[in-house]
Amino acid sequence: MIIDCHGHYTTAPAEVEAWRKLQVEALANPSQAPQKAALRISDDQIRESLEGAQLKLQRERGTDLTIFSPRAASMAHHIGDAQVSRVWSEICNELVHRCCVLYPDNFVGVCQLPQSPGVPPATCIAELERCVKEFGFVGCNLNPDPSGGHWKEPPLTDRWWYPLYENMVELEVPAMVHVSTSCNPAFHTTGAHYLNADTTAFMQFLTSDLFKDFPTLKFVIPHGGGAAPYHWGRFRGLAQDMKRPPLQELLLNNVFFDTCVYHRPGIELLLKVVPVDNILFASEMVGAVRGIDPETGYHYDDTLRYVNSIEWLSEADRNKIFEDNARKVYPRLERD
Ligand SMILES: [Zn+2]
């Protein structure tokens, strides 16, 4: 079985974006904000939005189950206040839940959290609990920078986040560290902000004792871990200079990387540098990079092809990356 731990509902019907536009337009005058019930999407529309995209690619490429969350760039936690974020997150999570109900063999949900800049993350607990307990979701996407590129929150290792972590541990759900759209023109959203955040989160974990406080808390750092694998020697050396324990002991029971690296040499480096127990298969399709690589003739985000092309990877290790590690990190995934 091949589990893709990183997919987003990027193809939701246009009505969703239109509803969001009305919500944003009403920011100055909340009495004008659209009701949740005003968004009407039929099951057929949802089927249509998936059949020609995520489901088609699953079938063509040969993956089985996608751990599926709302479109990351649309989370836009910096827009409006906590109430705006709450209603928008509920809508996005309910849509993902409907995808999972329509295609239970193909998708399992991960939720968007109703974060808002400067608002304690504890306010996200109710929505996380609803998604896990009512919808059967298996994780959440946690945005370390709800300001959208201005980095105003305390680091992920600060006690600011602890109430949410306590809840995650209790529910046995991991978080994928995932920023949203950048509203800082210095950072391109998917080309810079996403990868910066991945690297930043890794360094935050390295310099803290977070996992002493939460030995079972788990994070997935997406996009291959940002710059972390490429600079593994730097990170190991920094930890050593700071008299920190070795990375294995410090964070590798808690921090995992996905394979959303869009060329074979990058995947090969990831697999050579990061222990195989810490790598989860993912493609992030349909997502950030949608084109075909003229050098290979295949989609950049067809990451399965790269993993399969690494001839020195043993069958047992391949299975860890494709399935076993995901089941360890997302214990709520049911075994069928
Ligand atoms: Zn993503």
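**Exercise 1. Determine which residues of helix H7 are buried and what covers them.**

Solution. Thr189, Ala192, His193, Tyr194, Ala197, Asp198, Thr199, Ala201, Phe202, Gln204, Phe205 and Leu206 of H7 are buried, where buried means under 20% relative accessible area, exposed over 50% and partly exposed in between, with a 1.4 Å probe and protein chains only. The model is a predicted one, in which local features need pLDDT of at least 70 and side-chain atom pairs count only at pLDDT 80 or more, whereas totals for chains, interfaces and linings use all residues. Residues are numbered from 1 along each chain as its sequence is written, and side-chain values use heavy atoms, with hydrogens and water left out.

The next step is to look for the cover: the elements over the buried residues of H7 include E5, helix H8 (210–213), strand E6 (219–221), helix H9 (232–241), helix H10 (247–250) and strand E7 (255–258). Helices (H or I, at least four residues) and strands (E, at least two) are DSSP runs, numbered from the N terminus.

The last step is a check on the geometry of the helix. The expected span is 1.5 Å times one less than the number of residues, so the 18 residues of H7 should span 26 Å, and the 24 Å between its end C-alpha atoms agrees with this.

**Exercise 2. Place Leu251 relative to H7 and describe its surroundings.**

Solution. Begin with the position: Leu251 lies in the loop between H10 and E7, and because its relative accessibility is 0%, it counts as buried. Leaving aside residues up to four places away in sequence, Leu251 touches Phe202, Phe205, Leu206 and Phe211, a contact being heavy atoms within 4.5 Å. Among these partners, Phe202, Phe205 and Leu206 are buried residues of H7. A further distance concerns Phe219, which is 32 residues from Leu251 along the chain and has its C-alpha atom 9.9 Å from that of Leu251.

**Exercise 3. Characterise the zinc site, from its donors to its geometry.**

Solution. First list the donors, which are N, O and S atoms within 2.8 Å of the metal (3.2 Å for Na, K and Ca); water is not among the atoms, so sites may look incomplete. The zinc ion is coordinated by His6 (NE2), His8 (NE2), His178 (NE2) and Glu284 (OE), at 2.0 to 2.1 Å.

Next consider the angles. Four donors count as tetrahedral if all angles lie between 85 and 135 degrees; the four donor atoms here subtend 99 to 123°, and therefore the arrangement is tetrahedral.

Then turn to the sequence, where the donor residues follow the spacing H-x1-H-x169-H-x105-E. Distant parts of the chain are thereby linked, since His6 is in strand E1 (residues 3–9) and His178 is in the loop between strand E5 (175–177) and helix H7 (189–206), 172 residues apart. As for accessibility, His6 is buried at 1% and His178 is buried at 0%.

**Exercise 4. Compare the settings of three salt bridges.**

Solution. A salt bridge is a side-chain nitrogen of Lys or Arg within 4 Å of a carboxyl oxygen of Asp or Glu, and a search of the whole structure finds 22 of them.

In one, the side chains of Asp44 and Arg47 meet at 2.7 Å, N to O. Both residues lie in helix H2 (residues 43–51), three residues apart, about one turn of the helix; Asp44 is exposed at 52%, and Arg47 is partly exposed at 33%.

In another, Arg61 and Asp302 meet at 4.0 Å, N to O. This pair links distant parts of the chain, with Arg61 in helix H3 (residues 54–61) and Asp302 in the loop between strand E8 (279–280) and helix H12 (303–309), 241 residues apart. Arg61 is buried at 15%, and Asp302 is buried at 7%.

In a further one, the closest N and O atoms of Arg244 and Asp209 are 3.2 Å apart. Arg244 lies in the loop between H9 and H10 and Asp209 in the loop between H7 and H8, so the pair ties together parts 35 residues apart in sequence. Arg244 counts as buried at 19%, whereas Asp209 counts as partly exposed at 37%.

**Exercise 5. Summarise the fold of the whole chain.**

Solution. The secondary structure comes to 13 helices and eight strands, and of the 336 residues 56% count as buried. Among contacts with a separation of 6 or more, residues 24 or more positions apart account for 77%.

Methods. Four donors count as tetrahedral if all angles lie between 85 and 135 degrees; four count as square planar and six as octahedral if opposite donors are over 155 degrees apart and all others between 65 and 115; anything else is irregular.
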